[in-house]
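Let's take a walk through this structure together, starting with the overall picture and ending with a few backbone details. Have the viewer ready as you read.

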Amino acid sequence: MSKVALITGATGQDGAYLAELLLAKGYEVHGTKRRSSSFNTGRIDHLYKDLHEPNVSFRLHYSDLTDATNLIRLVQEIQPDEIYNLAAQSHVQVSFETPEYTANADGIGTLRLLEAIRILKMEEKVRFYQASTSELYGKVQETPQSETTPFYPRSPYAAAKLYAYWITVNYREAYGMHASNGILFNHESPIRGETFVTRKITRAVAAIDLGRQDKLFLGNLDAKRDWGHARDYVEGMWRILQQTQADDYVLATGETHSVREFVELAFGHVGRKIEWTGEGVNEKGVDARDGRVLVEIDPRYFRPTEVDLLLGNPAKAKEKLGWTATTSFPDLVREMVTADVELLKGEQQRYGRSD
Ligand code: NDP
Ligand code: GDR
């Protein structure tokens, strides 16, 4: 009998990589998607088979973490062995605009799912993974950040995720549930959401290189992040749930780089060297060859409270899970730029544009 997994947020970056991984391992995979007026399953369409075909091992269900009745019914119908709670309003800056919704989906949503397990008396059957985040560390207390570093959230997103983290720990301790937190540092890929800084940069680099965009507007260039590849991180999620004892783990590369470095490397892949001139909001990134301004600061992208430096210590994951990040920072940037150049070229061919 194959194991049954439920992935909330299966249409997102991590959901897509995780669904692929679990299907390759022989799982029956159920993913949740939200009703939308436009198609939102682009990342997982390649995994989807018509329900009328034999041996369908990947199914999608409409769901929303703000709807408790829906979650109870889904868990009851699916009877999962493993639940990966990846669904969330995951954009930090957007959480300042929609704080209440973010708290509802990211914080209380986690509680609703845990309660669904409890109401259905499935505490002993189900293993639960919570998508916790390095944003919990927020204002720097110490580096590198590990499982014992104190939390100091700096956004409504991080505050909601703090509740989700602790309610997961509480349900483990109170009800003996196999419930674990993966405290994941930033992880990216060619299918990263377009408004996160890495993908925003690589899409712009491709568009500028192909003559489709003039310049790139960014916020804080000096923020530093520990960036890895999503493919590695979903493997870590799976390993966390294969442990006999539930526990909390940091997944990170152990390296940190600034947004500025990401920009320089990304433009480097299309043969452009960036030089920085000016200061503060007037700082500009200029093409060393011809002095053309390619990067400008737009203060609208500054956050009311920023997380300046994230650098993770993945020693526990290495020791207990045998997990390490395998993709280097330059390889990650190269893969993302190359994919966006190909994507844009493909679009140009499809729509007959040569400008
Ligand atoms: P994405 O934003 O790419 O995906 C989020 C998923 O959640 C999407 O499927 C989205 O649906 C769904 N979703 C959003 N709101 C709701 C809701 N109210 N009810 C149900 N589903 C909802 O995020 P990632 O894949 O990058 O991240 C996965 C998880 O890991 C998130 O919880 C994120 O906060 C967390 N995380 C991510 C890190 C990263 O660097 N990527 C690092 C640490 C933690 P739709 O497609 O319709 O929007
Ligand atoms: P983050 O990712 O907030 O770390 O959250 P994001 O890529 O949005 O920001 C990283 C850093 O870049 C700076 N920045 C900009 N960010 C965006 N989005 N757009 C810009 O134009 C821009 N200019 C500079 C930001 O200020 C920030 O310092 C991600 C999400 O995936 C979360 O869900 C997850 O929990 C954390 O990573 C770990």
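Before we count anything, a word on terms: helices are DSSP runs of H or I with at least four residues, strands are runs of E with at least two, and both are numbered from the N terminus. Please also keep in mind that this is a predicted model.

With those terms in hand, the protein chain contains ten helices and 15 strands. A good part of it carries a label: an unreviewed UniProt entry annotates residues 6-336 as "domain: NAD(P)-binding". Within that span, 36% is helix and 18% is strand, and its end C-alpha atoms are 28 Å apart.

Next, the overall shape. Along the principal axes, the C-alpha atoms of the protein chain fill a box of roughly 65 × 50 × 40 Å. How does the radius of gyration of the protein chain agree with that of a compact globule? A compact globule of 355 residues would be near 20 Å, and the protein chain has 21 Å, so the two agree.

The contacts and surface add to this picture. Taking contacts with a separation of 6 or more, 75% of those in the protein chain join residues 24 or more positions apart. Of the 355 residues, 52% count as buried. The protein chain exposes about 16,200 Å², with carbon and sulfur atoms supplying 48% of that area. As for charge, there are 43 positive and 50 negative side chains, and the centres of these two sets lie 2 Å apart.

Now let's zoom in on the backbone, where three loops deserve a look. One of them runs between strand E5 (127-133) and helix H5 (156-175), and Pro144 lies in it. The peptide bond leading from Thr143 to Pro144 is cis, with omega near -5°.

The loop between helix H2 (68-78) and strand E4 (82-85) holds Gln79. Although Gln79 is not a glycine, it has a positive phi of about 50°. Is Gln79 buried, partly exposed or exposed? Its relative accessibility is 36%, and because the partly exposed class lies between 20% and 50%, Gln79 counts as partly exposed.

Lys121 sits in the loop between helix H4 (99-119) and E5. Lys121 is another residue other than glycine with a positive phi, here near 55°. With a relative accessibility of 70%, Lys121 is exposed, because that class begins over 50%.

Key
Residues numbered from 1 in each chain as written. Chains lettered and ligands numbered in written order. Predicted model: local features only at pLDDT ≥ 70, side-chain atom pairs only at ≥ 80, totals over all residues. Heavy atoms only, no water. Rg over C-alpha atoms; globule rule 2.2 N^0.38 Å. Buried < 20%, exposed > 50% of the residue type's maximum accessible area, 1.4 Å probe, protein only. Contact = heavy atoms within 4.5 Å. Areas by Shrake-Rupley, 256 points an atom, 1.4 Å probe, with all protein chains shown as cover. Lys, Arg positive; Asp, Glu negative; His and termini not counted. Charge placed at Lys NZ, Arg CZ, Asp CG, Glu CD. UniProt positions renumbered as here; feature names shortened; annotations may be inferred.
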